[in-house]
Amino acid sequence: MFELVEPIATVTFSEVPTEEFLALGMRNYWDGYFAGRAAPLGPVPAEVVHAVFYNFADGEVARHIPWVWGKITPQEAIAVRERGSAAALRQRIGELADSPGLVRVADLATRAAGSAPPEGRALYAGLRALDVPEEPVARLWHAATLLREHRGDGHNAALLAHGIGGTESHVLMALSLGMRAEEFGRIHHLPTAQLAAVVDGLRGRGLVDAAGRFTHAGREIKQRIEALTDELAAPAYDALSADELDELAAGLQPIAAAAQADDD
């Protein structure tokens with residue numbers, strides 16, 4: 001389900017929504033990213049967004065929050081994000097956007113997305129408090145985003161339970177992809193000394209070897225985190241019967257493939 005939901009939800013971070021935010025005074029992609037994604041939390045300080053998002057390096061959030069709230073309100077950011085994301089999804093999936101099957105998929109996804117337990121999941125709870133869009137493409141995007149953030153909140157809990165910090169999680173992801181930490185997109189921009197200190201910390205815990213690669217323990221903890229993330233994400237789908245879940249997965253496949261193809 002993660003692989004089917006992710007391409008639909010992440011159209012939010014594509015060119016169409018970004019251009020909408022830029023037109024309203026955002027300075028760059030990351031202004032729009034933080035305004036849109038943090039908006040369901042309200043105009044909270046950078047420290048709160050940093051804590052909820054979990055995986056940004058110190059100081060990164062503060063370059064955008066609260067500056068963006070001087071240009072746009074959270075309510076406006078929510079509307080811009082929904083409008084731009086629905087437009088981007090419609091553009092990517094073409095004729096599928098107007099198919100009867102999409103309406104059914106959107107309904108099933110919305111039922112699952114609205115039924116997940118919110119306890120301990122601040123970002124998911126904020127999103128779930130928003131009105132559900134009526135237009136089917138927008139409703140499908142909204143449901144996919146709810147499911148994505150529900151899983152993301154659980155992933156952060158899994159990382160926290162295993163003592164893995166935000167930047168450390170990116171290092172582990174890089175290594176799992178066969179990349180060195182300094183090559184990974186989300187952290188390659190960090191100062192060399194700062195990133196080296198993070199890797200050294202993981203090395204000191206026996207998770208990374210002298211050459212900067214996974215140890216057995218490092219690979220094992222990454223696998224445990226991913227398994228727990230899946231386990232914590234599963235209750236979102238308990239509202240659907242086994243047949244409905246199969247129907248949802250089958251219906252999402254062509255939509256996710258079309259959404260993903262635009263990125264490839």
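**Helix packing around α6, α8 and α11**

In this predicted model, helix α6 passes helix α12 in a left-handed crossing. By class, the contact between α6 and α12 comprises seven nonpolar, one polar and four charged residues. The residues concerned can be named on both sides: L102, R104, V105, L108, A109 and R111 of α6 meet E244, E247, L248, G251, L252 and I255 of α12.

Two packed helices are described by the angle between their axes and the distance between the axes. For α6 and α12, the axes come within 9 Å and cross at roughly 125°. This angle makes α6 oblique to α12, because it falls neither in the range of 65 to 115 degrees that counts as roughly perpendicular nor over 145, where helices count as roughly antiparallel.

Helix α6 itself covers residues 100–115, which is 16 residues. From its first C-alpha to its last it reaches 24 Å, close to the 22 Å expected at 1.5 Å a residue. Its buried residues are L102, V105, A106, L108, A109, A112 and A113. What covers these buried residues includes α5 (74–93), α7 (122–128), α8 (136–161) and α12 (242–261).

Of these covering helices, α8 can be followed to two further partners. With helix α1 (residues 2–9), the axes come within 8 Å and cross at roughly 120°. The angle makes α1 oblique to α8, and α1 passes α8 in a left-handed crossing. On the α1 side the contact is made by F2, V5, E6, I8 and A9, and on the α8 side by L140, W141, A144, T145, L147, R148 and R151. These residues divide into eight nonpolar, one polar and three charged.

The second partner is α11, which spans residues 216–233. The axes of α8 and α11 come within 8 Å and cross at roughly 140°. That angle makes α8 oblique to α11, since only angles over 145 degrees count as roughly antiparallel. Here α8 passes α11 in a right-handed crossing. From α8 the contact draws on H150, R151, G154, H155, A158 and L159, and from α11 on I225, E226, L228, T229, D230, L232 and A233. By class, this contact has six nonpolar, four polar and three charged residues.

Is K222, a residue of helix α11, buried or exposed? K222 has a relative accessible area of 12% and is therefore buried, the limit being under 20%. Leaving aside neighbours within four places in sequence, K222 is in contact with L172, M173, S176 and F214.

A second individual residue, G84, lies in helix α5, one of the helices that cover the buried residues of α6. G84 has a relative accessibility of 0% and so counts as buried. Which residues does G84 touch, not counting those up to four places away in sequence? They are V16, P17 and E20. G84 can also be placed relative to A138: the two are 54 residues apart in sequence, while their C-alpha atoms are 9.5 Å apart in space.

Note on methods. Residues numbered from 1 in each chain as written. Predicted model: local features only at pLDDT ≥ 70, side-chain atom pairs only at ≥ 80, totals over all residues. Heavy atoms only, no water. Helix = DSSP H or I, 4+ residues; strand = E, 2+ residues; numbered from the N terminus. Expected span 1.5 Å × (residues − 1). Buried < 20%, exposed > 50% of the residue type's maximum accessible area, 1.4 Å probe, protein only. Contact = heavy atoms within 4.5 Å. Axes fitted to C-alpha atoms, helices over the stretch in contact; angles between N-to-C directions. Parallel < 35°, antiparallel > 145°, perpendicular 65-115°, else oblique. Left-handed = near helix turned anticlockwise from the far one by under 90°. Nonpolar A, V, L, I, M, F, W, Y, C, P; charged D, E, K, R; others polar.
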